[in-house]
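Here is a guided walk through one protein chain. Start with the interior, then step back to the whole.

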Amino acid sequence: MSVQETTLEIHLDNLQHNVRQLKKHLKEGTRFLAVVKANSYGNSSVAVAQYLEKKDLADEFAVAFTSEGIELRKAGVTRPILIFHPQLVDFEDIVRYNLEPTLYSKRLITHFIDFAKEKQLHQYPFHLKCNSGMNRLGFSVEEIDEVCELLKGHEELKVRTAFSHLLASEDLQARPFMEKQIALFKAFQKKLENHFSHKIIYHNCNTSGILNYPEAHFDMVRSGIGMYGFANDPRLQKDFKPITTLKSIISQIHTIQKGDYVGYNFGFQAQKPMEIATISVGHADGLNRIYGKEVGFVFIKDKKCPIVGNVCMDMIMVDITGLDYEEGEEVVIFDERHTSETLAETAKTISYELITSLSRRIKRVFIED
Ligand SMILES: *Cc1c(COP(=O)(O)O)cnc(C)c1O
């Protein structure tokens, strides 16, 4: 598709393809939770969740913040929505919008119990976060008995799932540590089974966990990056298709002479006559300043054109010397062949960071064959 302005194309068929690829790794009956936080990793959480729900590709959803869950409910998403990182002030909204909080600290649990009593809730579902070594959120295995005692006899709320998170599931060198984390999660499971008679859903794996630790899928898996087309592993990448393409056009071309500068703060000085193309995407759109000064690049008619000078808030300038392009020519910032992962690597970062920071002002177009 040709574009007339900076446009993020979201290929929903690729999304479907990726989910089906991930599901090939699951045993029968394993639930699939689609992680749609951070605007679905920069895509559009509403469109992605609606599509996955319509196609019956996800059993449930997760987002990080309560506001993200509210946005999904307002758009008519009906499946369960887990909130990874709620705060005390969120409880009203969580219940109003039928969202399900993760309870990760004693402070949060005691307040939620009080809140649930006051609101006369009955078996309100929540998720218990187990800390198996990431030391980010969750209860330690030493605390878990006490937490269960706290919950005992409270019919107002009910632990629906319990989960933990692997801290380096994509790094095959880290297997011994991951195995310790998995064993520890099993210890959590045992303790929880002693305290509760109802069936709790256990889950421990993100995308790389799904691919690398089939023995640790438990009852459900949680995928984000894999759905969006990245396997975090060159050997498995062929099975996945990035779902987004970021394109723009050349807004203007300048012919400059030896000694001329480009952009802010003398960030680039020409050593010879050059042609410079200006493109309307900048650090406010997620293309951070680190990509400037010939670190990052774009593709124009399959030719690699480095970003020269400093990245501006709303623009970059690229070198097209000798390429005979015209204003209006299409520019690929990333697509299936020149992926956001490759671009992110130039800045020594990961695809997650680049794609999740794509600004909302970039036009989104959804493509479904
Ligand atoms: C973001 C997140 C995920 C998704 O991870 P991917 O690597 O994108 O699959 C899963 N679980 C938790 C707790 C997360 O915060």
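**From the core outward**

In this predicted model, the largest nonpolar core holds 113 residues. Within that core, L52, L128 and V318 touch the most other members. Helix α6, residues 106-118, gives the most to this core: six residues. Apart from it lies another core, of nine residues. Among its members are V262, M274, I276 and V308. Such grouping fits a general pattern: in soluble globular proteins, nonpolar side chains tend to be buried together.

Now look at V318. Which residues does V318 touch, leaving out those up to four places away in sequence? The contacts are E275, I276, A277 and I279, then V298 and I300, and finally C305, P306, I307 and V308. Two of these names, I276 and V308, also appear in the nine-residue core.

Step back to the whole chain. There are 11 helices and 18 strands. The chain has 369 residues, and 57% of them count as buried. Contacts often reach far along the sequence. Take those between residues at least 6 apart: 67% join residues at least 24 apart.

What are the spans of the C-alpha trace along its principal axes? They are about 80 × 40 × 40 Å.

Last comes the surface and the charge. The chain exposes about 16600 Å². Carbon and sulfur atoms supply 49% of that area. Charged side chains number 45 positive and 50 negative. The centres of these two sets lie 3 Å apart.

Conventions
Residues numbered from 1 in each chain as written. Predicted model: local features only at pLDDT ≥ 70, side-chain atom pairs only at ≥ 80, totals over all residues. Heavy atoms only, no water. Core = buried A, V, L, I, M, F, W, Y, C linked by side-chain atoms within 4.5 Å. Buried < 20%, exposed > 50% of the residue type's maximum accessible area, 1.4 Å probe, protein only. Helix = DSSP H or I, 4+ residues; strand = E, 2+ residues; numbered from the N terminus. Contact = heavy atoms within 4.5 Å. Areas by Shrake-Rupley, 256 points an atom, 1.4 Å probe, with all protein chains shown as cover. Lys, Arg positive; Asp, Glu negative; His and termini not counted. Charge placed at Lys NZ, Arg CZ, Asp CG, Glu CD.
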